[in-house]
Amino acid sequence: THLYLFLASGGCILAVVTMGVYSLLLLVSTVIFVLLVCSLSPERVHPWVFGLQMGWQTFWHLLIQYREYYLNEPTDSRLLLSVSSLMLLTQRVTSVSMDLQDGGRATLMTQCRVFLPLISYALNFTALLGGPLSSFDQFVYFVEQITISPPPQPLSVISYKGFQVLSLEWARNYLTRLLRDNASSLSVSNNVLTDVLWIWGLAVVLRIRYYSHWKISECLNNAAGLGFRGMVKEDSPNWSGLSDGDLWTTEMSCQVSEFARRWNGTTATWLRRLVFQRCKTAPLVMTFGFSIWWHGIHLGQFVGFLVWAAAVRADYQIHKYLKPKLTSTRRRLVRTCLCWLNTQMVMACVVIAIELRSTSSLRILGLTYTGVFPLLNVLFIFIV
């Protein structure tokens with residue numbers, strides 16, 4: 001009980017300190033979520049939780065857009081942080097509601113006497129600002145494991161991951177300076193290759209920021225004792241129970257569909273379960289369409305996610321078409337290299353469109369001809 005209280009109270013304090021009055025966005029959602037779980041039958045919880053939570057989140061997303069685009073007012077950073085945290089809370093509460101609907105072990109939560117673990121899961125400070133997403137059962141298991149059989153000291157793994165964060169931040173700062181020094185020549189340069197490389201470098205900088213953020217979240221969870229998965233060897237503990245992905249594994253993906261599954265892994269799994277596996281018609285388009293809604297419905301996000309969906313669809317057809325023709329090792333090696341380059345350039349366009357959100361991102365991709373890469377992938381759907 002004291003551990004649940006520690007995690008929940010820590011989350012409340014963190015929310016108030018970082019978000020101020022906007023922390024009420026999270027507290028209101030959590031109270032409504034607990035009331036729904038305790039008052040409704042398990043099969044009715046998910047539609048109510050999903051509808052109310054997404055409606056609440058969408059209201060704040062639209063309010064931000066109204067201030068930014070119609071009133072031309074800067075948005076309070078605390079509001080942006082609270083809405084970002086609200087998106088993560090949406091993952092957790094809908095994960096629980098799906099567990100209840102599917103009749104899993106989470107049905108035990110219908111007893112209101114276990115509301116403390118539920119509140120702790122929703123508001124725990126280790127996942128409040130950065131994830132990664134874990135199921136309620138997994139969260140309870142980690143907490144009980146700390147009480148029954150405490151994991152080994154995580155100091156070594158935290159130090160290692162901390163070093164990774166420092167390395168990522170150094171690389172990001174170095175690339176940022178390099179891009180800034182060459183930004184002036186971007187508009188006047190007639191060298192298409194230079195422009196494309198600049199756009200690719202910008203996308204890498206934006207992605208590194210996410211990898212760094214995820215590693216910090218892993219460190220925080222591990223420091224609290226969460227994420228331990230047993231011993232790999234006698235003296236080698238495995239702390240990979242809570243992770244959103246690894247830079248090397250993700251960036252080495254040679255297929256756009258493979259990159260989509262590995263990027264922000266726990267969110268990708270959540271979207272697959274929430275939308276892809278439940279939709280009978282066009283599940284791929286519906287999944288990326290819901291991702292646009294969940295992220296905030298900005299124009300750049302709309303274009304970016306639809307292009308990503310089309311590229312994933314094209315990716316399946318490209319590899320289905322090429323696989324029978326690759327009979328030699330050399331051909332397979334060439335195919336792997338070309339597919340990796342294609343994946344990198346398509347994801348560069350997607351990330352820039354989604355992150356910059358406005359029409360400026362689309363203009364940059366058009367002026368530098370980088371947008372040609374996803375267009376070629378889309379055209380392949382109609383050619384083959």
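Here are three short exercises on the salt bridges of this predicted model.

**Exercise 1.** Find out how many salt bridges the whole structure has, and which parts Arg 273 and Asp 99 tie together.

*Solution.* Start with the search: it turns up 11 salt bridges across the whole structure. Now pick out one of them, where the side chains of Arg 273 and Asp 99 meet at 2.7 Å, N to O. Next, place the partners: Arg 273 sits in helix H11 (residues 265-276) and Asp 99 in helix H4 (residues 77-101), so this pair ties together parts 174 residues apart in sequence.

**Exercise 2.** Work out whether Arg 273 and Asp 99 are buried or partly exposed, then look at what Asp 102 does.

*Solution.* Buried means under 20% relative accessible area. Asp 99 has 11%, so Asp 99 is buried. Arg 273 has 23%, so Arg 273 counts as partly exposed. Asp 102 forms a salt bridge with Arg 273 too, with the closest N and O atoms 3.1 Å apart. Asp 102 lies in the loop between H4 and helix H5 (115-123), so its pairing with Arg 273 in H11 links parts 171 residues apart in sequence. Finally, zoom out: Asp 99, Asp 102, Arg 273 and Arg 278 are joined in a network of salt bridges.

**Exercise 3.** Describe the salt bridge between Lys 215 and Glu 218, and say where the two residues lie.

*Solution.* First, the distance: the closest N and O atoms of Lys 215 and Glu 218 are 3.7 Å apart. Then the location: both are in helix H8 (residues 192-223), three residues apart, so about one helical turn separates them. Last, check the surroundings: Lys 215 and Glu 218 are both buried.

How values were computed. Residues are numbered from 1 along each chain as its sequence is written. This is a predicted model: local features need pLDDT of at least 70, side-chain atom pairs count only at pLDDT 80 or more; totals for chains, interfaces and linings use all residues. Side-chain values use heavy atoms; hydrogens and water are left out. A salt bridge is a side-chain nitrogen of Lys or Arg within 4 Å of a carboxyl oxygen of Asp or Glu. Helices (H or I, at least four residues) and strands (E, at least two) are DSSP runs, numbered from the N terminus. Buried means under 20% relative accessible area, exposed over 50%, partly exposed in between (1.4 Å probe, protein chains only).
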